[in-house]
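Biologist: Could we go through this protein together, one question at a time, with the reasoning spelled out for someone in a first year of study?

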Amino acid sequence: MVCCWLSYKKFHSQSPSSEIYQNKMGVEPSEGVRRRGCSCSKDDFLPEESFKTWGNYGRALAEIPARLKDRLLTRSLDTTEMNEIKARSAHEMKKTLTWWDLMWFGIGAVIGAGIFVLTGIQARDVAGPAVVLSYVVSGISAMLSVFCYTEFAVEIPVAGGSFAYLRVELGDFMAFIAAGNILLEYVIGGAAVARSWTSYFATLCNHKPEDFRIIAHSLKEDYNQLDPIAVGVITIICLLAVFSTKGSSRFNYIASIFHVIVILFIIIAGLCKADTSNYTPFAPNGVRGIFKSSAVLFFAYIGFDAVSTMAEETKNPGRDIPIGLVGSMSITTLAYCLLAVTLCLMQKYTDIDKDAPFSVAFEAVGWNWAKYIVAAGALKGMTTVLLVSAVGQARYLTHIARTHMMPPWLAHVNSRTGTPVNATIVMLVATAIIAFFTDLGILSNLLSISTLFIFMLVAVGLLVRRYYVSNVTTPTNRNKLIVCLVLIIGSSIATATYWGLSETGWVGYVVTVPIWLLATVALWAFVPKAREPKLWGVPLVPWLPSASIAINIFLLGSIDKASFERFGIWTAVLMVYYFFFGLHASYDTAKESAKVTHETTQYKKVEEGAVTPSVDSSTGVNASNASTNP
């Protein structure tokens with residue numbers, strides 16, 4: 001096990017801050033037990049009261065309905081996420097990043113396998129030359145999500161990203177559902193990029209894209225092309241990610257500059273070989289093909305959310321995060337559209353290679369030497385995507401573990417490197433296992449579902465943040481907000497469902513689209529805002545967040561049935577884990593935090609919401625200490 005060779009300080013994070021908890025337990029804050037060798041125990045993973053004895057665990061299971069109600073109705077606070085929760089990692093992450101670092105992290109995180117691999121698949125099989133419009137649609141959706149993420153990252157600059165934002169606005173339970181999908185997004189995304197890395201590496205070595213994979217005939221199709229090179233690449237990335245965030249940043253922007261030069265070469269050299277006849281027919285599968293590709297190509301834009309997790313390590317979040325996120329997404333969208341146009345002008349869409357489209361396109365026009373430049377640029381791009389993904393996913397997992405929804409051992413931040421070593425290694429081991437077996441097509445579709453779902457929740461969370469504040473918003477306005485949100489989400493789901501089921505119909509849109517429009521107008525006109533952003537805010541609220549909800553849900557309607565079935569299985573697995581472990585661990589931790597805060601400090605409450613005012617049978621903590629009614 002990883003824990004058998006890592007050295008770290010044992011730290012039980014059952015209090016709102018490490019110093020308070022250690023003082024309460026009679027330990028000096030600076031003290032710690034340096035552990036070497038195989039030193040893991042149950043308390044490193046399940047230290048909560050509910051898991052101390054089988055009797056406690058049985059009582060906890062019996063209280064699932066009450067505990068679930070508590071977690072459904074309880075919301076964290078901004079100050080809790082930025083102070084008490086962050087303190088549970090024992091050591092601070094180092095604030096070393098500027099807007100320059102974040103912008104290059106954004107470019108490095110996004111431009112990778114999506115453009116260099118999925119463009120070929122979608123242009124050849126689905127959208128044709130109109131794949132450029134698919135990138136425009138996906139880019140608009142991604143930019144709307146970027147705005148929402150940016151406001152949250154500026155207001156709540158912690159490593160938890162969307163998990164922390166949703167804990168504050170939608171509560172613990174919805175945050176957990178998002179957390180599970182965030183982790184799935186990163187594992188699958190990293191696996192997809194690593195497998196694409198192998199394909200381009202084979203091209204660089206004058207082999208076919210699939211030559212370096214091992215065929216296991218005994219395994220099921222789509223899972224039988226084993227990829228040991230992908231595992232090796234992920235291992236190297238892991239070492240880079242755990243060493244230093246600033247070092248990773250330097251490597252990323254130096255490599256990204258080289259990547260931009262390669263992209264400019266592809267566009268200029270490719271257009272020199274352009275043939276406009278290749279653009280006929282432009283959209284062989286019509287508008288449906290364009291939107292179907294948009295849903296899958298959304299995969300090409302993911303990665304910017306990893307940049308939001310670096311807010312905790314940013315020197316000036318209010319200035320640096322908006323410049324870094326919005327700037328990198330603008331550059332990325334322009335680059336994607338130009339690359340898509342170039343590819344389809346160079347080669348007939350039916351002849352585009354699905355594994356290494358740009359390299360093969362240059363080979364097809366007689367520029368064999370150019371394919372090596374393209375392959376080298378693609379490898380660099382995918383390497384930085386893997387690196388930024390490794391940095392981002394570890395910070396997500398760290399913050400999730402701080403709440404004890406995942407084992408608190410994963411929340412440890414190394415005192416020397418200032419990085420979450422345990423979380424980084426665990427996530428990349430999972431990524432390597434998936435990358436070793438699974439085909440890119442399965443990975444990209446499942447990834448898009450997970451990502452679109454999370455981005456939709458973040459947009460909902462932003463509307464809640466602007467229009468609802470406990471003890472400020474009146475019950476009447478709260479109810480108006482709920483009705484508007486239900487109508488916005490419901491009409492968006494109806495539109496997406498109708499799109500997925502009806503090939504040629506249009507009557508349904510006459511009903512669903514006006515409902516979305518009227519619900520957004522009602523929210524704008526009849527529900528007063530309860531809060532304004534302190535430093536940077538999304539413009540045109542509620543229109544932009546509402547549009548983000550609608551577009552993300554609409555794109556979900558273009559994804560295939562099999563991917564939704566896999567998504568359903570993953571959600572069921574999450575629910576099993578939550579009801580048997582995550583619910584009780586986070587419940588105990590929240591109540592212990594409230595108890596210690598009440599006994600040792602004059603801090604304000606750490607949560608808000610409606611809970612059952614009774615003494616928990618396993619912890620003996622009065623639940624009402626943790627929260628108040630909104």
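Biologist: What length does helix α6 reach from its first C-alpha to its last?

Modeller: Please keep in mind that this is a predicted model. Helix α6 covers residues 99-110, which gives 12 residues. At 1.5 Å a residue the expected length is 16 Å, and the helix comes close to this, for the reach from its first C-alpha to its last is 16 Å.

Biologist: Is α6 largely enclosed by the rest of the structure or largely exposed, and how many of its residues are buried?

Modeller: A residue counts as buried when its relative accessible area is under 20%. In α6 the buried residues include D101, W104 and F105, and also G106 and G108. The helix is therefore largely enclosed by the rest of the structure, the number of buried residues being 10 of the 12.

Biologist: Which helix gives the most residues to the largest nonpolar core?

Modeller: The largest nonpolar core has 169 residues, and those with the most contacts inside it are Y135, Y200 and F304. The helix that gives the most to this core, with 17 residues, spans residues 370-402 and is α17.

Biologist: What share of the residues in the protein chain is buried?

Modeller: The protein chain has a secondary structure of 23 helices and six strands. Among its contacts with a separation of 6 or more, 83% are between residues 24 or more positions apart. Of the 630 residues in the chain, the buried share is 61%.

Biologist: Which parts of the chain does the salt bridge between E151 and R466 tie together, and how many residues apart are they in sequence?

Modeller: Side chains of opposite charge can pair when their charged atoms come close. The side chains of E151 and R466 meet in this way, with a distance of 2.9 Å from N to O. E151 lies in helix α8 and R466 in helix α19, so the pair ties together parts whose separation in sequence is 315 residues.

Biologist: Is E532, which also meets R466 in a salt bridge, buried or partly exposed?

Modeller: The side chains of E532 and R466 meet at 4.0 Å, N to O. This pair links distant parts of the chain, since E532 is in the loop between α21 and α22 whereas R466 is in helix α19, 66 residues away. R466 is buried, with a relative accessible area of 3%, but the value for E532 is 48%, which makes E532 partly exposed.

Biologist: How many salt bridges does a search of the whole structure find?

Modeller: One of the pairs is E63 with R67, whose closest N and O atoms are 3.3 Å apart, and R67 counts as buried at 0% relative accessibility. Salt bridges that share partners also join R75, E155, E169, R465 and K534 into one network. Across the whole structure, the number of salt bridges found is 14.

Biologist: Which helix supplies the largest share of the nonpolar surface patch?

Modeller: The patch is about 650 Å² and is made by V483, L487, W506, V507, V510, V511 and I515. L487 is found in helix α20 and is partly exposed, with a relative accessible area of 39%. Both α20 and α21 supply at least two residues of the patch, but the largest share, four residues, comes from α21.

How values were computed:
Residues numbered from 1 in each chain as written. Predicted model: local features only at pLDDT ≥ 70, side-chain atom pairs only at ≥ 80, totals over all residues. Heavy atoms only, no water. Patch = residues over 30% accessible without salt bridge, like charges linked within 9 Å, V, L, I, M, F, W, Y side chains within 5 Å. Areas by Shrake-Rupley, 256 points an atom, 1.4 Å probe, with all protein chains shown as cover. Buried < 20%, exposed > 50% of the residue type's maximum accessible area, 1.4 Å probe, protein only. Expected span 1.5 Å × (residues − 1). Core = buried A, V, L, I, M, F, W, Y, C linked by side-chain atoms within 4.5 Å. Contact = heavy atoms within 4.5 Å.
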